[in-house]
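Okay, thanks for coming, everyone. I'll put the structure up on the screen, and then we can walk through a few spots together.

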Amino acid sequence: MSADPKFTKIRSELDLRRSRHLYRSTRISDSPQHPHMHIDGKPLLAFCSNDYLGLANHPAVIQAFQQAANIYGVGSGAAHLVNGHSRPHQQLEEALAAFTGRERALLFSTGYMANLGVVNALLSGRNDVVYADRLNHASLVDAGLLSGAKLIRYPHNDTTSLGKRLLAQADNANTQLILTDGVFSMDGDVAPLAKLAVMARHHDAWLMVDDAHGFGVLGNTGAGLVEAQGLTPTDVPILMATLGKALGTAGAFIAGSHDLIEYLIQTARTFIYTTAQPPAIAAATLASLQLVQTESWRREQLLALIQQFRQGATQLGLPLMASDTAIQPILVGSSGQALAISRQLEERGLLVTAIRPPTVPDGTARLRVTLSAAHTATDVEQLLTALAQIWT
Ligand SMILES: Cc1ncc(COP(=O)(O)O)c(C=O)c1O
């Protein structure tokens with residue numbers, strides 16, 4: 001072991017995390033993304049994926065990926081603005097714009113990069129203000145911090161507090177941006193978009209919604225939370241969604257007006273200075289977008305499973321959180337206890353990850369149960385049975 005003080009310091013930081021039950025490590029999967037997985041050498045029934053519609057391993061999506069790889073190869077070779085923007089990228093952007101009812105869409109290689117890119121393109125200095133829900137995803141928090149704008153966090157979904165903060169800045173703010181998750185990733189509840197849209201309009205602020213966990217799942221056609229809450233592109237001028245969750249592939253996009261997208265193409269550094277995602281990913285996403293639109297039974301199946309789980313968990317008296325979405329966290333409190341329950345579930349063949357600080361606030365560690373259209377009612381029953389054994 002190195003005696004170098006720099007290493008001593010990071011070792012003691014690691015020890016501290018272990019002692020607080022906050023240590024994290026990767027696990028190795030030898031199977032495709034599916035409820036029944038093979039992880040760390042054993043079969044596990046997983047309730048922790050964001051593959052909400054069961055598309056990550058769909059034969060039509062795999063076939064589209066393979067066919068595009070035969071034509072375009074694997075790597076895109078360059079950034080979109082050099083020569084990395086291929087036909088499938090263009091087709092996907094057009095399909096995403098049409099699906100979300102917007103003039104244009106722009107692909108990013110990850111959701112994290114999309115968020116960093118947009119916020120930093122729109123905000124540039126101390127007179128700009130970003131208002132962020134306290135439970136926003138880390139990528140939105142980082143986007144705000146990196147922008148150098150004044151970052152004001154408001155209590156979760158509390159539009160009254162947001163209103164006060166907007167008023168307080170009214171005289172000296174330049175560009176203002178309200179940033180919110182659509183579906184909150186660790187809580188499963190949703191943002192009050194109609195109220196946020198009114199406030200944004202009133203204060204002449206941008207409203208940006210990160211619909212990573214709503215896109216594909218919510219709304220009649222699967223277009224997401226904006227559709228589910230009956231809002232228009234004028235209400236929510238900046239829509240971000242990821243493609244690695246319900247769509248089952250990878251990457252993300254921003255959808256908005258022609259001018260917004262042109263501006264991002266010129267200024268969003270995480271779009272300009274990075275290699276385009278592989279064309280085969282875009283082709284696979286086109287196939288999964290088709291399935292989102294034609295196979296509404298997946299959303300219906302997911303909804304039925306959510307209801308089954310909530311009903312069963314309520315009967316067991318489990319501390320469910322106020323969520324109607326595929327994210328159904330069970331609030332535990334202490335990190336040690338959340339880890340212990342997760343381990344007990346694993347001993348029974350079930351994988352549910354314990355989510356601990358700093359991903360969630362101190363004292364609110366939880367088991368983040370997520371459901372997928374690929375689960376069956378029997379799978380959910382198995383989870384409820386195991387939870388009943390552990391909780392009593
Ligand atoms: C709300 C939210 N936004 C953004 C991201 C980042 O997306 P990506 O995984 O594509 O980087 C995630 C999770 O990954 C998320 O949950």
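Let's start in the loop between β12 and β13, where you'll find proline 358. The peptide bond leading into that residue, from proline 357, is cis, with omega near 10 degrees. Keep in mind that this is a predicted model. The other backbone oddity is aspartate 40, which has a positive phi, near 50 degrees, and isn't a glycine. You can find aspartate 40 in the loop between β1 and β2, the latter being residues 42-46. I'm flagging these two spots because most residues other than glycine have a negative phi, and most peptide bonds are trans.

Now, the strands on either side of that proline loop. What order do the strands of this open sheet take? Three strands make up the sheet, running β10-β13-β12, with antiparallel pairing. At the edges sit β10, residues 327-333, and β12, residues 354-355, each of them pairing on one side only. Between β10 and β13, the latter spanning residues 365-370, there are six bridges, and the two run antiparallel. If you want a place to get your bearings, take isoleucine 327: its bridge partner in β13 is threonine 370.

Hold on to threonine 370, as that residue turns up again in the lining of the largest cavity. How many cavities of 30 Å³ or more does the structure hold? Just one. The space in the largest cavity comes to about 70 Å³. Besides threonine 370, its lining includes Gln33, His34 and Pro35, then the run from Ala46 to Ser49, and also Asp51, Ser372 and His375. By class, that lining splits into four nonpolar residues, six polar and one charged.

The largest pocket is next, with about 1000 Å³ of space in it. Which elements give two or more residues to its lining? Those are β1 (36-39), α14 (335-347) and our edge strand β12. Helix α14 has the largest share, at four residues. In total 32 residues line the pocket, and nearest its centre are Ser25, Arg27, Thr353, Ala354 and Arg356. As for the chemistry, I get 13 nonpolar, eleven polar and eight charged residues in that lining.

Last stop, the ligand. There are 13 residues around it, and the ones that come nearest are Gly111, Tyr112, Asp210, His213 and Lys245. Which helix gives the most to that shell? It's α5, residues 111-122, with three residues. The shell as a whole has eight polar residues, three charged and two nonpolar.

Let me zoom in on the contacts. A polar backbone atom of glycine 111 sits 2.7 Å from a ligand oxygen. For tyrosine 112, again through a polar backbone atom, the distance to an oxygen of the ligand is 3.0 Å. Histidine 213 uses its side chain instead: an N or O atom there is 2.6 Å from a ligand oxygen. And how much of the ligand does the protein cover? On its own the ligand has 380 Å² of accessible area, and the protein covers 80% of that.

That's my tour. Who wants to start the discussion?

Key: Residues numbered from 1 in each chain as written. Heavy atoms only, no water. Near = heavy atom within 4 Å. Polar contact = N/O pair within 3.5 Å; in protein donor to acceptor, adjacent residues only side chain to side chain. Areas by Shrake-Rupley, 256 points an atom, 1.4 Å probe, with all protein chains shown as cover. Nonpolar A, V, L, I, M, F, W, Y, C, P; charged D, E, K, R; others polar. Pairing = 2+ DSSP bridges. 1 Å grid on protein atoms, 1.4 Å probe; cavity = no way out; pocket = protein on both sides within 12 Å on 5 of 7 lines; lining within 4 Å. Points joined across faces, edges and corners; volume = space filled by probe spheres on them.
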